[in-house]
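Good morning, and thank you for coming. Please look at the sequence and the structure as they appear, and keep both in view while I speak.

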Amino acid sequence: MQIPKHQTNRLRHMIDIHGNKKITNELEETSYKFTKIKSIYAEVVPQTGSLIKQQADTILTNVTHKIIVRYSSGKDITKDMQIFFRNHRFEIKFILNPYFKNEKLEIFCQELD
């Protein structure tokens, strides 16, 4: 299944996906650097909220944005990647595949300074 045609115009923002890539410097040392992997269209939705669960299962998350992408273009995005949009950098907190329909992914992020 795909996102209905009347909703595809919401994916009007171009975002860049960056991931940690292994590089070797002049001294033959191996290190990691965030580099651009690909650019895809997305819907960027500002929001504020916290997911706080105390007691035994302690989860502390602060979400500032939800980024919606097509499942086919975002299925290889992982939590250890970062998203860049209009000179803003976002850390991925968690990724949802709503109702397991493989139509779209909702990526919940926190904007970094």
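Leaving aside its neighbours within four places in sequence, which residues is I107 in contact with? They are H65, K66, I67, V69, I77, I83, I92, F94 and I95. I shall return to I107 when we reach the core, but we should begin with the model as a whole.

What we have here is a predicted model. The chain has an average pLDDT of 86, and 81% of the residues score at least 70. Among the elements of the chain, β4 has the highest mean pLDDT, at 96, and helix α1, residues 5–8, has the lowest, at 56. Where pLDDT is low, the predicted coordinates should not be read in detail. For that reason I shall say little about the helix at the start.

Let us turn to the overall arrangement. The chain contains two helices and six strands. Followed along the sequence, these elements give the pattern α-β-β-β-α-β-β-β. There are 113 residues in the chain, and buried residues make up 31% of them. Of the contacts in the chain with a separation of 6 or more, 50% are between residues 24 or more positions apart.

Next, the core. The largest nonpolar core has 16 residues, and those that touch the most other members are I15, I67, V69, I83 and I107. Two or more residues of this core come from each of β1 (13–24), β2 (30–53), β3 (59–70), β4 (82–85), β5 and β6. In soluble globular proteins, nonpolar side chains tend to be buried together. We can now place I107 again: its contacts include I67, V69 and I83, and these three are also among the core residues that touch the most other members.

One of the contacts of I107 is F94, which brings us to the aromatic rings. How many aromatic pairs does the structure hold? There is one. The ring centres of F94 and F108 are 4.7 Å apart and the ring planes meet at 20°, so this pair counts as stacked. F94 belongs to strand β5, residues 88–96, and F108 to strand β6, residues 104–112; the pair links distant parts of the chain, 14 residues apart. Are the two rings' residues buried or exposed? F108 is buried, with a relative accessible area of 11%, whereas F94, at 25%, counts as partly exposed.

I should now like to consider the charged side chains. A search of the whole structure finds three salt bridges. One of them joins the side chains of D16 and K36, at 3.7 Å from N to O. Because D16 lies in strand β1 and K36 in strand β2, this pair ties together parts that are 20 residues apart in sequence. D16 is partly exposed at 22% relative accessibility, while K36, with a relative accessible area of 51%, is exposed.

Another salt bridge is formed by the side chains of D76 and K38, at 2.8 Å from N to O. D76 sits in the loop between α2 (71–74) and β4, and K38 is in strand β2, so the parts tied together here are 38 residues apart in sequence. Both residues are partly exposed: D76 at 44% relative accessibility and K38 at 22%.

The remaining pair is E91 and K93, whose closest N and O atoms are 3.6 Å apart. E91 is partly exposed, with a relative accessible area of 30%, and K93 is likewise partly exposed, at 22%.

Finally, I draw your attention to two histidines. H18 lies in strand β1, and it counts as buried at 13% relative accessibility. A polar atom of the H18 side chain lies 3.5 Å from the backbone nitrogen of K36, the lysine that also forms a salt bridge with D16. Not counting neighbours within four places in sequence, H18 is in contact with F34, T35, K36, I37, M81, Q82 and F84.

H13 is placed in strand β1 as well. Its relative accessibility is 12%, so H13 counts as buried. Which residues does H13 touch, not counting those up to four places away in sequence? They are I40, Y41, A42, E43, V44, F85 and R86.

That concludes my presentation, and I thank you for your attention.

Terms used
Residues numbered from 1 in each chain as written. Predicted model: local features only at pLDDT ≥ 70, side-chain atom pairs only at ≥ 80, totals over all residues. Heavy atoms only, no water. Phe/Tyr/Trp six-rings, centres within 6.5 Å; stacked < 30°, edge-to-face > 60°. Helix = DSSP H or I, 4+ residues; strand = E, 2+ residues; numbered from the N terminus. Buried < 20%, exposed > 50% of the residue type's maximum accessible area, 1.4 Å probe, protein only. Core = buried A, V, L, I, M, F, W, Y, C linked by side-chain atoms within 4.5 Å. Contact = heavy atoms within 4.5 Å. Polar contact = N/O pair within 3.5 Å; in protein donor to acceptor, adjacent residues only side chain to side chain. pLDDT = per-residue confidence, 0-100. Salt bridge = Lys/Arg side-chain N within 4 Å of Asp/Glu carboxyl O.
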